[in-house]
Amino acid sequence: MNKVTLCGRLVADPETRYSPGPNGENKAYTRYRIAVPRKHKKQNENPQSDFFSCVCFGTLAEFAAKYFRKGGRVLIAGRIENDNYVKDGQTIYGTKIIVEEQEFADSRRSEHENIQSQENITQNNTAQNIAVQNQQTPAENNSVNNTANTGNTDDYQRQFEDFMPTDIEIPFQ
C-alpha cells in the first residue's frame with residue numbers, strides 16, 4: 001500500500017501549467033511545495049520542517065491554482081512516486097507526492113479574522129489620513145484662538161449660523 005497524508009503550509013503560490021490530453025484537450029497540472037513541521041522532542045531545539053513537492057491533475061489542479069496561496073495550511077492525501085532523472089551523467093533521486101485528495105486545513109473563521117484585521121488596519125489608516133487632512137493650518141488655529149481670546153464672539157457665531165436650527169426646526173418648544 002502506497003498512501004501518504006500530510007498537513008502543512010504552502011511554501012509558495014502553486015504553479016499551474018497545461019499539457020495536451022489524450023482527446024486533444026489541455027489538461028491542467030499544478031505543482032506546489034508544502035512545509036510539514038516535525039515534532040521536536042528537545043526543549044531548546046528549534047522547530048524543524050520537512051518539505052514535500054506535490055503534483056495534482058485535472059480539477060484538483062484547477063482548485064489548487066484558484067484557492068491555494070502561500071502560507072495557507074492544507075491537508076493532502078496521495079501516493080509517493082520516485083522522481084529520478086539523469087543530469088550530466090549523474091542520477092538525481094527525488095520523490096514527489098501525487099495528490100489524490102486535498103483540502104484547506106485552516107478554518108474559514110481564521111481566514112475571515114485575518115481579512116477583517118487587514119480591513120480594520122486599512123480603515124484605521126484611512127481615518128487617520130482623513131483626520132490629518134482635515135486639521136487646520138496654524139494660521140487658521142490662530143484666528144480661532146484670537147477671536148476667543150479677544151472676547152469677540154460675533155465672528156465665532158457667524159461661522160456656525162448655517163448649522164443653527166431655526167425656531168421652526170426645533171420640536172417641542
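**Exercise 1. Work out whether phenylalanine 63 and phenylalanine 68 are buried or exposed, and how their rings meet.**

*Solution.* Start with phenylalanine 63: its relative accessible area is 30%, which makes this residue partly exposed. Keep in mind as you go that you are looking at a predicted model. Phenylalanine 63 sits in helix α1, which covers residues 58–67.

Next, turn to phenylalanine 68. With a relative accessible area of 1%, phenylalanine 68 is buried, since buried means under 20%.

Now for the rings. A pair of aromatic rings is described by the distance of the centres and the angle of the planes. The structure holds six aromatic pairs. In the pair of phenylalanine 63 and phenylalanine 68, the centres are 5.8 Å apart and the planes stand at 80 degrees, so this pair is edge-to-face. The cut-off behind that step is an angle over 60 degrees.

Finally, widen the view. Ring pairs join Phe63 and Phe68 with Tyr32, Tyr67 and Phe104 in a cluster. On the surface, Phe63, Tyr67 and Phe104 make up a nonpolar patch, and together they have about 270 Å² of accessible area.

**Exercise 2. Find which strands pair with β1, and in which sense.**

*Solution.* Locate strand β1 at residues 4–10. One partner is strand β5, residues 73–82; the two pair in the antiparallel sense over six bridges. To see this pairing in the model, look for arginine 9, which stands opposite arginine 73 in β5.

Another partner is strand β3, residues 26–37, again in the antiparallel sense, over two bridges. Here leucine 10 is a helpful marker: its bridge partner in β3 is isoleucine 34.

You can then follow β5 onward to strand β8, residues 95–104. These two strands run antiparallel and are joined by nine bridges. Alanine 77 stands opposite glutamate 101 in β8.

**Exercise 3. Explain why the salt bridge of arginine 9 and aspartate 106 ties together parts that are apart in sequence.**

*Solution.* First, check the contact: the side chains of arginine 9 and aspartate 106 meet at 3.8 Å, N to O. This counts as a salt bridge because the cut-off is within 4 Å.

Then place each residue. Arginine 9 belongs to strand β1, while aspartate 106 is in the loop between β8 and α2 (108–134), so the pair ties together parts 97 residues apart in sequence.

Last, look at accessibility. Arginine 9 is partly exposed at 40%, and aspartate 106 is partly exposed at 22%.

**Exercise 4. Trace which residues join arginine 79 in a network of salt bridges.**

*Solution.* The whole structure has six salt bridges. Begin with glutamate 81, whose side chain meets that of arginine 79 at 3.1 Å, N to O. Arginine 79 also forms a salt bridge with glutamate 100, where the closest N and O atoms are 3.1 Å apart. This pair links distant parts of the chain, with arginine 79 in strand β5 and glutamate 100 in strand β8, 21 residues apart. Through shared partners, salt bridges join Arg79, Glu81, Glu100 and Lys3 into one network.

**Exercise 5. Say what sign phi has at aspartate 88, and where this residue lies.**

*Solution.* Recall that most residues other than glycine have a negative phi. At aspartate 88, phi is near 55 degrees, a positive value in a residue other than glycine. Aspartate 88 lies in the loop between β6 (85–87) and β7 (90–92), and at 77% relative accessibility this residue counts as exposed.

Terms used. Residues are numbered from 1 along each chain as its sequence is written. This is a predicted model: local features need pLDDT of at least 70, side-chain atom pairs count only at pLDDT 80 or more; totals for chains, interfaces and linings use all residues. Side-chain values use heavy atoms; hydrogens and water are left out. Rings of Phe, Tyr and Trp (its six-membered ring) pair if their centres lie within 6.5 Å; planes under 30 degrees apart count as stacked, over 60 as edge-to-face and the rest as tilted. Buried means under 20% relative accessible area, exposed over 50%, partly exposed in between (1.4 Å probe, protein chains only). Two strands pair if DSSP finds at least two bridges between them. Helices (H or I, at least four residues) and strands (E, at least two) are DSSP runs, numbered from the N terminus. Patches are made of residues with over 30% relative accessible area and no salt bridge: like charges are joined within 9 Å, nonpolar side chains (Val, Leu, Ile, Met, Phe, Trp, Tyr) within 5 Å. Accessible areas come from the Shrake-Rupley method with a 1.4 Å probe; for residues, only the protein chains shown count as cover.
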